[in-house]
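I opened a new model today and kept notes as I went. Here is what I looked up, in order.

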Amino acid sequence: INNLALLYTHQGAYQKATPLFDKALKILGNKFGEQHPSVALCLNNKAGVMIDIGKLEEAEPLIKRSLKIREAIFGTDHPDIAQCYNNLANMHGSTGEFEKAEIFIKNAIEIGENVFGSDHHMVGVFLNNLAMLNLIQGNFDNAAPLFKRVKTIFKATFGENHLSIAICLNNL
């Protein structure tokens, strides 16, 4: 159900995704308990939707709850923590709190590089978000090299003709 909600999310069908996340959260919480990693994953996924549709007041508690569960289970240097930081960065960036957003996304990048290495596609996603943060602030000299690095990572991961390469080139 969580994955179906993600599919709808990627299609932009947020009105279909949101109730599915709620259903998945109920099932997962009942089956495994409210402190289970699957609950944290679903919370973070739903928070991403709330950010995308501008319901930031609903997103923040979801992210914080997911982060608390994940830190209790995994510690602070885990890719799941980086995903929460990425959502927090997106949330703060969308409200114009760029300094907060930059701190969170840089923490996500650091975790990703420590865990996966600097050329992993997850690091590319986080770097892309940092590049976008710079772009929307007009910091083009900072954004361009980040987009170039993202392009290199995505090309190595997905191939030359992947949509992410086209988007990266467009941003450059």
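**Aromatic pairs**

I searched the whole structure for aromatic pairs and got 2. For these, rings of Phe, Tyr and Trp (its six-membered ring) pair if their centres lie within 6.5 Å; planes under 30 degrees apart are stacked, over 60 edge-to-face, and the rest tilted. I was looking at a predicted model, where local features need pLDDT of at least 70 and side-chain atom pairs count only at pLDDT 80 or more, while totals for chains, interfaces and linings use all residues. Residues are numbered from 1 along each chain as its sequence is written, and side-chain values use heavy atoms, with hydrogens and water left out.

Tyr85 and Phe104 make a tilted pair, with 5.8 Å centre to centre and 40 degrees between the planes. This pair links distant parts of the chain, since Tyr85 sits in helix 5 and Phe104 in helix 6, 19 residues apart. Helices here are DSSP runs (H or I, at least four residues), numbered from the N terminus.

I then looked at Phe154 and Phe158: their ring centres are 5.5 Å apart and their planes at 55 degrees, so this pair is tilted. Both are in helix 8 (residues 140-158), 4 residues apart, which puts about one helical turn between them. Phe154 is buried at 7% relative accessibility, but Phe158 is partly exposed at 37%. My cut-offs: buried is under 20% relative accessible area, exposed over 50%, partly exposed in between (1.4 Å probe, protein chains only).

**Helix 5**

How far apart are the end C-alpha atoms of helix 5? I got 23 Å, which agrees with the 22 Å expected for its 16 residues (79-94). That expected span is 1.5 Å times one less than the number of residues. Of those 16 residues, 13 are buried, so the rest of the structure largely encloses helix 5. Tyr85 counts as buried too, at 14%. Just after the helix, Gly96 takes a positive phi of about 85 degrees.

**Cysteines**

I found 0 disulfides in the whole structure, counting a pair of cysteine sulfur atoms within 2.5 Å as one. Why is Cys84 not bonded to Cys42? The Cys42 sulfur is the closest cysteine sulfur to that of Cys84, but at 12 Å it is too far for a bond. Cys84 is buried at 0% relative accessible area, and Cys168 is buried at 1%.

**His120**

I found His120 in the loop between helix 6 (98-116) and helix 7 (121-136). His120 is partly exposed, at 23%. Its side chain reaches the backbone nitrogen of Met122 at 3.0 Å. The C-alpha atoms of His120 and Val150 are 9.9 Å apart, with the two positions 30 residues apart along the chain.

How values were computed
Helices (H or I, at least four residues) and strands (E, at least two) are DSSP runs, numbered from the N terminus. A polar contact is a pair of N or O atoms within 3.5 Å; within protein, one must be able to donate a hydrogen and the other to accept it, and residues adjacent in sequence count only if both atoms are side-chain atoms.
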